[in-house]
Amino acid sequence: MGERGRGCCPSMDLMRSEPMQLVQLIIPIESAHLAVSYLGDLGLIQFKDLNAEKSPFQRTYAIQIKRSGEMARKLRFFRDQMSKAGLVTGARSQVEAIANLDDLEVKLGDLEAELVEINANGDKLQRSYNELAEYKLVLQNAGKFFHSALSSAEARQREYSANQGGEESLEIPLLSEQETTADSSKQVRLGFITGLVPREKSMAFERILFRATRGNVFLRQVSVDEPVVDPVSGDKVEKNVFAVFFSGERAKNKILKICDAFGANRYSFSEDISKQSQMITEVSRRLSELKTTLDAGLVQRGNLLQTIGEHFEHWNILVRKEKAIYHTLNMLSMDVTKKCLVAEGWSPIFATKQIQDALHQATLDCNTQVEAIFQVLRTREMPPTYFRTNKFTTAFQEIVDAYGVAKYQEANPGVFTIVTFPFLFAVMFGDWGHGICLLLATLFFIVREKKLSSQKLGDITEMAFGGRYVIVLMSIFSIYTGLIYNEFFSVPFELFGPSAYVCRDATCSEASTIGLIKGRDTYPFGVDPVWHGSRSELPFLNSLKMKMSILLGVAQMNLGIILSYFNALFFKNSINTWFQFVPQMIFLNSLFGYLSLLIIVKWCTGSQADLYHVMIYMFLSPTDELGENQLFAGQKPLQMVLLLLALVSVPWMLLPKPFLLKKQHERHQGEAYAPLPDTDESLQSGTNHNGGGHGHEEFEFSEVFVHQLIHTIEFVLGAVSNTASYLRLWALSLAHSELSIVFYEKVLLLAWGYDNIFILIIGIIIFICATVGVLLVMETLSAFLHALRLHWVEFQNKFYEGDGYKFYPFSFSVLDAEEE
């Protein structure tokens, strides 16, 4: 690492990222596993993959990772089984602490085999039980078909006997003996098939049977009252019991295929009524036995899952730690001759002693005689960026990181975002009534912080909970700006004293500035409530908000340019210091800084000068007299000087830098990119993270000049467009205020005017829903996004490159949050 990070100024918490160092660890193989484990507990070193050219199967610890993956699969299987059984995994238990991976592997294998066997037996018994339950339904319902047919035959026989004078009985066959003998070759015996078919398929089942057999079947169906558990799928399905009567083997084959196609379960059936009763009794007995066996199996399975659940978290963490350790060991280079592993990685400088202590402790615990070696490497690679944050500053830092991670030791916008982001939001959202509602909603997350942090929340709720401290500041600043605007759900109040204006005479009837004169001291804080008295006077308040937006925008853009100056000083870039910072400050403040000065002078003097006219004719006719638009003495020559400075600053930004870079390159050709003498060859090549790759670059003046030209044009045009962009602060504030007035006047006051309690209640409900849905949700999101844009584009683009990469240390603390 270059000395610039260490030799400048010490880390200022969030202002600059932590000074980093590239370290090399030489660890004996005997203590490597324990050393990496201790470093994972520490979580302050980001290992580099020294075996990137090898596939995962060619690495040293591929077998151990495969074992860990297999154990992780078994644990996922256990978790799924517990989830299906409705069991919750307990806290990490130390009752049965398994020290090594081998014991745990054997234990998990035995438990999986036992659970698989129990599940297989249970599934088999459950399927048999479901089949018998269906069989019983067939016996009960299909028997009715034959009983009905027998009763019908007996009735027809009695009718026939009565017609023959009672001489014949039921013993006499329906056909005479002669007819039977004569047509014995034509006798046909009907076959039948019984079973159950899903009710939703019953109509199609009947149509297909009729078409396939050309109507040469007789189908009877009856609906089952309760849903039936299907033996194949295990789902509850509404079914019909059916009986198909057919003649011939061809018809039978067709019917069997159709039953299979429709998922109809077939069951054998006897025509003998006495056998049917015996079969029902036998099936009922077997169902009772299977039920008892199934219940016993469920108890055994529940006890086994309960035992697994008591130790699941402990086993899960152990397996995931082991897998992470071996993944890290696979990133280390094996030195076969010295029987050691060589590691390289980034770590903060402050963590040096902690890492050395962890390595020493691993050596002691492994009873090895050889100590691990810790040494710092020098490199030109770009180190990762690491900011130490807490639960309050994390959300603000993530807002910045969403745009881009800060380059190593680059000035961090997160420090200023903590204040400027909620304040710019509040300028757009300013209403102390809405701010209080937002604050109360967010305090719920903060009060129940510990409980909610351990629960799984929805995507939107999780986002709001993660940014709870951002929203708290947003709501507090909104209360503050709402008091300045004097708006409480769009209604003004005399909170800090009476209005400064009184009626001029008795004809003054309404609280507006028309007909009013100033009779008291100025309202002590915020906007005078009288200014809200008439819709015709709102443009004055809007003018105040618009000019305030310009002041805030110019101030924040100046802050961005100042930060670019400090960045240039920090990185010892004198070219950017004098040939970028100075002309940028001159250009911006010659125009928009001067406009801000005019706004302040006009407020202080009460002048009626037209600032639009002043700024336009400053460019079009700089030599003309200002007349009534003059705010102070010497304004005209000052404007001419400022205009000249703005014009000079443009070529100042464009021309010197490319020529100075060319001269510098010619003087020290190749020297600025020479490798350090004691740098490892493996580290000179650099990485994709802005690390290197400059060793053989050619200096192209045309490219540098075009790049500088583009940069100059961007700044000049951006200074205008960015200043105009800050007017969104005024526009969003106006929209929020107008919507509040509409909901208050057109909903709440209108309902109040009807003098009807029912209409009033409806009006209050609509007002609350509109306030919550539109003003507290949609307007909050809109103001948040606009504040985000002002920081990402108008503020950060002045100084922030954001082309770094995050410091991701090897740490066990993130294992609980990782997804499998």
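This tour visits a series of selections in the structure, one after another.

The model is predicted: local features require pLDDT of at least 70 and side-chain atom pairs count only at pLDDT 80 or more, while totals for chains, interfaces and linings use all residues. Residues are numbered from 1 along each chain as its sequence is written, and side-chain values use heavy atoms, with hydrogens and water left out.

**The whole chain**

Begin with the protein chain in full, which has 24 helices and 13 strands. Helices (H or I, at least four residues) and strands (E, at least two) are DSSP runs, numbered from the N terminus. Of the 820 residues, 42% count as buried. Here buried means under 20% relative accessible area, exposed means over 50%, and partly exposed lies in between (1.4 Å probe, protein chains only). The accessible surface of the chain comes to about 44,600 Å², and 59% of this belongs to carbon and sulfur atoms. Such areas come from the Shrake-Rupley method with a 1.4 Å probe; for residues, only the protein chains shown count as cover.

**Strand 3**

Next, select residues 191-198, which form strand 3. Eight of its eight residues are buried, so the strand is largely enclosed by the rest of the structure. In a regular strand the side chains alternate between the two faces of the sheet. On one side of strand 3 are Gly191, Ile193, Gly195 and Val197, and on the other are Phe192, Thr194, Leu196 and Pro198; all are buried.

Add residues 239-246 to the selection: this is strand 7, which pairs with strand 3 in the antiparallel sense over eight bridges. Two strands pair if DSSP finds at least two bridges between them. Within strand 7, Val241 is the bridge partner of Leu196. Strand 8 (residues 265-267) also runs antiparallel to strand 3, joined to it by three bridges. Look there for Arg266, which stands opposite Gly195.

**Helix 15**

Move to residues 468-485, helix 15. Its 18 residues should span 26 Å at 1.5 Å a residue, and its end C-alpha atoms are 25 Å apart, which agrees. The expected span is 1.5 Å times one less than the number of residues. Of the 18 residues in helix 15, 13 are buried. Asn486 follows the helix and has a positive phi, near 55°.

**The nonpolar cores**

Select Phe421, Phe425, Val470, Phe587, Tyr594, Leu598 and Leu729, which touch the most other members of the largest nonpolar core, a set of 66 residues. Its largest share, 12 residues, comes from helix 17 (residues 574-605). A nonpolar core is a set of buried Ala, Val, Leu, Ile, Met, Phe, Trp, Tyr and Cys residues joined through side-chain atoms within 4.5 Å. Apart from this core lies another, of 56 residues, including Tyr61, Phe312, Leu329 and Phe810.

**Leu727 and helix 23**

Now find Leu727 in the loop between helix 22 (701-725) and helix 23. Leu727 is partly exposed, with a relative accessible area of 25%. Leu727 and Leu552 are 175 residues apart in sequence, yet 9.7 Å apart in space, C-alpha to C-alpha.

Finish with residues 728-753, helix 23, whose 26 residues reach 36 Å from first C-alpha to last, close to the 38 Å expected. At Tyr744, helix 23 bends by about 25°, the angle between axes fitted to the seven residues ending there and the seven starting there. Among its buried residues are Leu729, Leu732, His736 and Phe743. Beyond helix 23, Asp755 has a positive phi, near 55°.
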